[in-house]
Amino acid sequence: MSDSTRPENDGSSSSTPAGDDLPDFDLDNLEIPDDLSSLTGSGEPEFAALITQIAGAEPLAAASSLAQLDLDAVPTSVGAVGVLKDLTGDAPEEAAAAISQLVRGVPLVLVTRTGEQMTAVRFADGVRGDELAPGLVLGGAPENVVDLLTGATSVADLDGVVASTSISKFKAVRMLTSAARKARKSMGKGEPGPGSTDGA
């Protein structure tokens, strides 16, 4: 066993190991964040929206007002799309469940986007359903909906947007009651008028 000590590397040797020629970093002042979730892609979504079959932005905004949800309702040719404001935690899924519970029998799809990854989940009658292939959802959507979901356009660029916070609960109840009455009449289920008898 040799008693010779290892010579100090003064930087003048030409046989510097690979990687040792990198610039020095000030490790004393290096700050490492406590939350590294953003590095793993498990952070909150950058965008979340409800694709509904509700005809018109106002009815969706009214339903959202009753459910105490903050969203922007966007009118489209296939139904209103609700762009959610609260993206924290389970808020997007809770919003989807709340709206699908209010508008029973009319399923909707919650679409979330984180970076380049998109997810789509069906909700019906307040219950979370199966995940859908994002390509299937985008493939059947109008161009303006695709642009909105993919981030090619924003709510500020669209016309006819109605914020749920712009509708009071009283107005929301009136709007939804009127819409329900019209829907019953269109299906031939209107309430009989005064003096009328069933089967007459």
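Here is a walk through this structure, from one helix to its salt bridges, a pocket and a loop.

Keep in mind that this is a predicted model, in which local features need pLDDT of at least 70, side-chain atom pairs count only at pLDDT 80 or more, and totals for chains, interfaces and linings use all residues. Residues are numbered from 1 along each chain as its sequence is written, and side-chain values use heavy atoms, with hydrogens and water left out.

Let's start with helix H2, residues 57-66. Helices (H or I, at least four residues) and strands (E, at least two) are DSSP runs, numbered from the N terminus. Seven of the 10 residues of H2 are buried, so this helix is largely enclosed by the rest of the structure. "Buried" here means under 20% relative accessible area, "exposed" means over 50%, and "partly exposed" is in between (1.4 Å probe, protein chains only). The buried ones are Ala57, Leu60, Ala61, Ala62, Ala63, Ser64 and Ser65.

Leu66 also belongs to H2, but Leu66 is partly exposed, with a relative accessible area of 31%. Together with Leu102 and Val173, Leu66 makes a nonpolar surface patch of about 230 Å². Patches are built from residues with over 30% relative accessible area and no salt bridge, joining like charges within 9 Å and nonpolar side chains (Val, Leu, Ile, Met, Phe, Trp, Tyr) within 5 Å. The areas come from the Shrake-Rupley method with a 1.4 Å probe, and for residues only the protein chains shown count as cover. After H2 comes Gln68, whose phi is positive, near 60°.

Now for the charged residues. Side chains of opposite charge can pair when their charged atoms come close. A salt bridge is a side-chain nitrogen of Lys or Arg within 4 Å of a carboxyl oxygen of Asp or Glu, and the count comes to four of them. One joins Lys85 to Asp70, with the closest N and O atoms 3.6 Å apart. That pair links distant parts of the chain: Lys85 sits in the loop between strand S3 (81-84) and helix H3 (91-102), Asp70 in the loop between H2 and strand S2 (71-74), 15 residues apart.

Lys85 has another partner, Asp72, at 3.8 Å between the closest N and O atoms. Since Asp72 lies in strand S2 and Lys85 in the loop between S3 and H3, this pair ties together parts that are 13 residues apart in sequence. So Asp70, Asp72 and Lys85 are linked in a network of salt bridges. Asp72 is buried, at 14% relative accessible area, while Lys85 is partly exposed at 44% and Asp70 is partly exposed at 36%. Elsewhere, Glu131 and Arg128 meet in a salt bridge (4.0 Å, N to O); Glu131 is exposed at 54%, and Arg128 is partly exposed at 39%.

What about empty space? The second largest pocket is lined by 15 residues, of which Ile51, Gln53, Val109, Leu132 and Val137 lie nearest its centre. The elements giving two or more residues to that lining are S4 and helix H4 (134-139). By class, the lining has 11 nonpolar, three polar and one charged residues. Here Ala, Val, Leu, Ile, Met, Phe, Trp, Tyr, Cys and Pro count as nonpolar, Asp, Glu, Lys and Arg as charged, and the others, Gly among them, as polar. A pocket is an open set of points on a 1 Å grid over the protein atoms alone, where a 1.4 Å probe fits, with protein on both sides within 12 Å along at least five of seven lines; lining residues have an atom within 4 Å of a point.

Finally, look at Glu116, in the loop between strand S4 (108-114) and strand S5 (117-124). Glu116 is exposed, with a relative accessible area of 86%.
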